[in-house]
Amino acid sequence: MSMSATIILRDQEFEIKAGQTVRSALRKLEIPNEAVLATRQGELLTDDEIIERNDVIKLISVISGG
Amino acid sequence: MNCRKCDQKAVINMRQHKLGLCKTHFLQWLPQQTERFITKYKMFSRADKILVAVSGGKDSLALWDILNEAGYQADGLYIGLGIDGGLNYSGKSLRFSQKFAEARGLKLHTVDIQHEYGSSIPEIAERTPKGVEKPCAVCGVSKRNIMNRVARQHGYDVLATGHNLDDEAAILFSNTMLWLGNYLQRQGPVLEAAHPGLVRKVKPLFRFYERETAAYALLRGINYIYEECPFSIGAKSIYYKEILNRMEADRPGAKLIFYLSFLRARELGLFAEPQRTTSELAACPNCGQPTASPDLCAFCRMVAA
């Protein structure tokens with residue numbers, strides 16, 4: 001049984017271990033927390049939220065230029 | 001994490017305020033705070049006619065939404081820059097802005113640079129020395145000229161832009177790196193009209209982090225252009241934002257303190273008045289807008305190049 005989950009940022013997909021917090025997963029992927037919003041099934045998540053098995057966490061990039 | 005105001009699950013944690021809020025309370029908090037800063041910085045009142053510069057992005061549409069919901073008289077201005085970048089960037093941005101306005105019955109002015117001036121921003125950028133190096137500088141000059149012209153033509157009292165705290169802190173960082181005294185003296189949430197031909201400019205979202213305006217847009221169901229302007233890839237402003245976010249990660253509130261401390265220092269007179277006085281501004285012989293140049297203004301020079 002897979003214990004993994006997926007994080008998606010734009011066109012990149014990362015397989016990560018389930019059971020950790022959003023904050024911990026972002027840190028391991030070296031994605032700054034301040035630069036993204038994490039969502040699961042369209043719902044916004046705070047970074048202390050535990051990522052469950054088979055979750056798909058979609059990150060919304062919030063940094064814009066110009 | 002639970003909401004500070006109720007037992008619901010928080011959807012956002014604003015570490016700089018030590019404040020986690022649920023959807024309902026965040027959607028109340030952000031407009032209330034906006035109202036607070038509009039009043040505190042004397043930006044405008046409900047009697048004023050406001051022109052909101054909209055790009056189709058999260059910040060400007062969030063701002064227009066907040067002002068409209070709060071009962072302000074706010075119309076929109078969309079400037080078509082003619083940027084394609086393989087993704088029809090300007091075309092998409094226009095559609096997001098139009099759909100937003102139509103759904104709420106709001107008035108949207110549109111100016112298409114290519115149609116009105118014969119060249120798109122990428123074309124103007126290619127043939128001017130400034131633009132070849134920095135297309136964003138050409139874009140900034142053009143937008144400022146057109147925003148001011150439209151605001152004056154239609155009798156708006158104030159021009160509102162969707163700049164957030166990350167935008168402001170990045171500009172401040174950039175100006176500080178070069179110690180650009182004149183720019184530092186003028187940077188702030190309210191830019192008073194320094195000449196009868198200039199319209200006042202305000203930035204009602206200047207106290208919010210970028211992820212808060214994005215969260216507001218998302219939670220309000222506002223559809224905005226998610227793709228970045230193709231010219232902004234590798235832009236200095238993004239580089240500075242990344243640096244500031246690294247500081248923020250270690251010290252929550254670092255960005256906010258950086259900017260607010262600057263405003264306080266400016267108020268206390270740390271920066272000298274700009275040397276240029278309003279009497280030195282003259283009307284551009286082509287477009288009639290105030291300029292420090294003895295001849296054509298920067299925008300008309302670029303268009304004519």
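Two residues are in contact here if their C-beta atoms, placed from the backbone, lie within 7 Å. Keep that in mind as you work through these exercises on a predicted model.

**Exercise 1. How many residues does each chain bring to the contact between chain A and chain B?**

Step 1: Start with chain A, which puts 15 residues into the contact.
Step 2: Now look across at chain B, which puts in 25 residues.
Step 3: Sort the chain A side by class. You get seven nonpolar, five polar and three charged residues touching chain B.
Step 4: Check what the predictor says about the complex: an ipTM of 0.95 and a pTM of 0.94.

**Exercise 2. Describe the fold of chain A: which elements does chain A have, and in what pattern?**

Step 1: Count the elements. Chain A has one helix and five strands.
Step 2: Walk along the sequence, and the pattern reads β-β-α-β-β-β.
Step 3: Test the compactness. The radius of gyration of chain A is 11 Å, and the globule rule gives 11 Å for 66 residues, so chain A is as compact as a globular protein of that length.
Step 4: Box it in. Along the principal axes, the C-alpha atoms of chain A fill roughly 45 × 25 × 25 Å.
Step 5: Look inside. Buried residues are 30% of the 66 residues in chain A.
Step 6: Take the contacts in chain A with a separation of 6 or more; 55% of them join residues 24 or more positions apart.

**Exercise 3. Do the same for chain B: what radius of gyration would a compact globule of 305 residues have, and what does chain B have?**

Step 1: List the elements first. Chain B has 13 helices and 10 strands.
Step 2: For 305 residues, a compact globule would have a radius of gyration near 19 Å, and the 19 Å of chain B agrees with that.
Step 3: The box for the C-alpha atoms of chain B, again along the principal axes, is roughly 65 × 45 × 40 Å.
Step 4: Of the 305 residues in chain B, 42% count as buried.
Step 5: Among contacts in chain B with a separation of 6 or more, 65% are between residues 24 or more positions apart.
Step 6: Finish with confidence. The average pLDDT of chain B is 93, and 98% of the residues score at least 70.

**Exercise 4. Work out how H8(B) and H11(B) are arranged: roughly parallel or roughly perpendicular?**

Step 1: Remember what you need: two packed helices are described by the angle between their axes and the distance between the axes.
Step 2: Find the helices in chain B. H8 covers residues 165–177 and H11 covers residues 236–250.
Step 3: Read off the geometry. H8 and H11 of chain B pack at about 100°, and their axes are 9 Å apart.
Step 4: Apply the cut-off. Angles of 65 to 115 degrees count as roughly perpendicular, and H8(B) and H11(B) are therefore roughly perpendicular to each other.
Step 5: See who meets whom. From H8(B) come B:Asp166, B:Ala169, B:Ala170, B:Phe173 and B:Ser174, and they meet B:Lys236, B:Ser237, B:Tyr240, B:Lys241 and B:Leu244 of H11(B).
Step 6: Sort the residues of this contact by class: five are nonpolar, two polar and three charged.

**Exercise 5. Where do A:Arg10 and B:Lys18 lie, and what are their phi values?**

Step 1: Place A:Arg10 in the loop between strand S1 (4–9) and strand S2 (12–17) of chain A.
Step 2: Check its backbone. The phi of A:Arg10 is near 50°, a positive value in a residue other than glycine.
Step 3: Count neighbours. A residue is exposed if 12 or fewer other C-beta atoms lie within 10 Å of its own; A:Arg10 has 12 inside 10 Å, so A:Arg10 counts as exposed.
Step 4: Move to B:Lys18, in the loop between strand S1 (12–14) and strand S2 (19–21) of chain B.
Step 5: B:Lys18 is not a glycine, yet its phi is positive, about 50°.
Step 6: With 10 other C-beta atoms within 10 Å, B:Lys18 is exposed.

**Exercise 6. Is B:Tyr41 exposed or partly exposed, and which residues does B:Tyr41 touch?**

Step 1: Find B:Tyr41 in the loop between helix H1 (23–40) and strand S3 (49–54) of chain B.
Step 2: B:Tyr41 has 17 C-beta neighbours inside 10 Å, so B:Tyr41 counts as partly exposed.
Step 3: Leave out residues up to four places away in sequence, and B:Tyr41 touches B:Pro189 and B:Val190.

Definitions and conventions. Residues numbered from 1 in each chain as written. Chains lettered and ligands numbered in written order. Predicted model: local features only at pLDDT ≥ 70, side-chain atom pairs only at ≥ 80, totals over all residues. Nonpolar A, V, L, I, M, F, W, Y, C, P; charged D, E, K, R; others polar. Helix = DSSP H or I, 4+ residues; strand = E, 2+ residues; numbered from the N terminus. Rg over C-alpha atoms; globule rule 2.2 N^0.38 Å. Buried ≥ 20, exposed ≤ 12 C-beta atoms within 10 Å, placed from the backbone. Axes fitted to C-alpha atoms, helices over the stretch in contact; angles between N-to-C directions. Parallel < 35°, antiparallel > 145°, perpendicular 65-115°, else oblique. pLDDT = per-residue confidence, 0-100.
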